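This briefing is meant to be read beside the sequence and the 3D view. It goes from the sheet to the overall form, then to the ligand and to single residues.

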Amino acid sequence: MHPLLERQIRRHLGDATAIPEAMHALFQAIGEAYEHADADRRLVEHALDQMSRELTERNRELQRQLVEKQRTEAEQAALIKRLEEAHNQLLQSEKMASIGQLAAGVAHEINNPIGYVNSNLASLRDYVRQMLAVLDAYERAEPLLPDGGEREDVLAAKRAAELDYLKADVVALLDESSDGIARVRRIVQDLKDFSHADRGEWVLADLHKGLDSTLNVVNNEIKYKARVEKLYGDLPMVRCLPSQLNQVFMNLLVNAAHAIDKQGVITVRTGVEGDDVWVEVADTGCGIPEALLTRIFDPFFTTKPVGKGTGLGLSISYGIVHKHGGHIEVKSEPGRGTVFRVNLPLHSSVDEDADHE
Ligand SMILES: Nc1ncnc2c1ncn2[C@@H]1O[C@H](COP(=O)(O)OP(=O)(O)OP(=O)(O)O)[C@@H](O)[C@H]1O
Ligand SMILES: [Mg+2]
């Protein structure tokens, strides 16, 4: 008999012998019904067990798939990043190439005429000196002329020409012209230094020279907006790609000038800290809102009107500094100004061969 039925009979009837004969069949049927109910319950429990095991297994599988998906996504992100970097490099070398070609072309075109203007000026100065000597000799002979007639003519011509002023001024004019030509020659030299004289070459370079020639090249963009203060420290020679670093300095200087609305100061500082050399370009311009600080190095991010900025300057600079094993830091206070600091390792472990163009 089913134990549950047995307990119930004991509780209500005392013991099984008290069951009337006529009801034996009924109790038998109840006992069997209990047995069936038990069997059904065990079946359901078993089925539930199985289902729960399957669910756990399925869960585990999903988890595995999730991890796998995350891994492929991370791989894809890394790939996209590398692609972006390669793209930037390409844009940078294109930009460099066109600036370099332009600069080299202009430098070449200007060099020839400047050469002969310079040598003609030297001859001219010689000739003028000789002519002035002849004039002096004539002047000394003047008193020998009889009064009136030719003597009056000579004096009138001298007055009309303001000869004394002219004699002083002609030399001054020649000096000024020589100065002007010397300046043009320096600009041409700066353009050459700035551009491709060292394309892709790792050399030991004087960063101050690079900064100075870059400052001369961008002088036009800066001079109406800002006074440039140079606070150079003692820098050792740095192994680098100078024309590319000049490109970085140019971007920072032009950005600084653009940030200044009317009149401001751009301060260029340099120094050594630990194993790094650093170059700082600080401006008293509009500053950068905190929310934009993480985006300014993104390619094509610009707040400038169409045609004024491409948004590539900083991303290219970032790439170049990164290539040198260094990094760029930026601090900004909206309304007060911005400081960009380029840190370059003195003993870098960059793979120089990878960067020959
Ligand atoms: N010194 C600075 N002061 C304020 N904002 C700056 C400064 N330097 C950069 N920025 C901000 O960062 C943005 C991105 O600079 P980035 O040099 O990359 O591009 P751009 O100057 O806009 O264009 P370009 O490609 O001609 O350099 C600028 O548009 C500007 O909003
Ligand atoms: Mg820029």
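**Sheet, ligand shell and selected residues**

Val277 has Leu344 in strand 7 as its bridge partner, and this pair belongs to the eight bridges by which strand 5 and strand 7 (residues 337-345) are joined in antiparallel fashion. The model described here is a predicted one, and the points below should be read with that in mind.

**The sheet**

- Five strands make up an open sheet of mixed pairing, and their order across the sheet is 2-4-5-7-6.
- Because strand 2 (226-231) and strand 6 (327-333) each have a single partner strand, they stand at the edges, and one side of each is left without a neighbour in the sheet. From one strand to the next, the twist averages 15°.
- Strand 5 (residues 276-283) also runs antiparallel to strand 4 (residues 264-273), to which eight bridges join it; within this pairing, Thr270 has Val279 of strand 5 as its bridge partner.
- Seven bridges pair strand 6 with strand 7, again in the antiparallel sense, and Val330 is found opposite Phe340 of strand 7.
- Three residues lie between the strands in the hairpin of strand 6 and strand 7, where Gly335 adopts a positive phi near 90°.
- Helix 5 (residues 207-222) lies across strand 2, strand 4 and strand 5, and its direction makes an angle of about 170° with that of strand 4.

**Overall form**

- The protein contains seven helices and seven strands, which follow one another along the sequence in the pattern α-α-α-α-β-α-β-β-α-β-β-α-β-β.
- The radius of gyration of the protein is 45 Å, whereas a compact globule of 357 residues would have one near 21 Å.
- The C-alpha trace spans about 185 × 45 × 40 Å along the principal axes of the protein.
- Of the 357 residues in the protein, 18% are buried.
- Among contacts with a separation of 6 or more, 76% are between residues 24 or more positions apart.

**Surroundings of ligand 1**

- There are 22 residues around ligand 1, and those that come nearest are Ala259, Thr302, Gly309, Gly313 and Leu314.
- Helix 6 (242-259) and helix 7 (313-323) each contribute at least two residues to the shell around ligand 1, and helix 6, with four residues, gives the most.
- By residue class, the shell around ligand 1 consists of eight nonpolar, twelve polar and two charged residues.

**Helix 7**

- Helix 7 is largely enclosed by the rest of the structure, because eight of its eleven residues are buried.
- The buried residues of helix 7 are Gly313, Leu314, Ser315, Ile316, Ser317, Tyr318, Ile320 and Val321; of these, Gly313 and Leu314 are also listed among the residues that come nearest to ligand 1.
- After helix 7 comes Gly325, which has a positive phi near 80°.

**Buried and exposed positions in and beside helix 3 and helix 4**

- Leu191 is located in helix 4 and counts as buried, because 23 other C-beta atoms lie within 10 Å of its own and the cut-off for a buried residue is 20 or more.
- Apart from neighbours within four places in sequence, Leu191 is in contact with Ala103, Val106, Ala107 and Val217.
- Although Leu191 and Val217 are 26 residues apart in sequence, the distance between their C-alpha atoms is 6.8 Å.
- Ala157 belongs to helix 3 (residues 150-161) and is exposed, because its C-beta has 10 other C-beta atoms within 10 Å and the cut-off for an exposed residue is 12 or fewer.
- From Ala157 to His258 the separation is 101 residues in sequence and 55 Å in space, taken C-alpha to C-alpha.
- Glu162 is situated in the loop between helix 3 and helix 4 (163-194) and, with 10 other C-beta atoms within 10 Å, is exposed.
- The phi of Glu162 is positive, at about 50°, even though this residue is not a glycine.

Conventions. Residues are numbered from 1 along each chain as its sequence is written. Chains are lettered from A and ligands numbered from 1 in the order in which they are written. This is a predicted model: local features need pLDDT of at least 70, side-chain atom pairs count only at pLDDT 80 or more; totals for chains, interfaces and linings use all residues. Two strands pair if DSSP finds at least two bridges between them. Axes are lines fitted to C-alpha atoms, for helices over the stretch in contact, and angles run from 0 to 180 degrees between N-to-C directions. Two residues are in contact if their C-beta atoms, placed from the backbone, lie within 7 Å. The radius of gyration is taken over C-alpha atoms; the globule rule is 2.2 Å times the number of residues to the power 0.38. A residue is near a molecule or strand if its C-beta atom, placed from the backbone, lies within 6 Å of it. Ala, Val, Leu, Ile, Met, Phe, Trp, Tyr, Cys and Pro count as nonpolar, Asp, Glu, Lys and Arg as charged, and the others, Gly among them, as polar.
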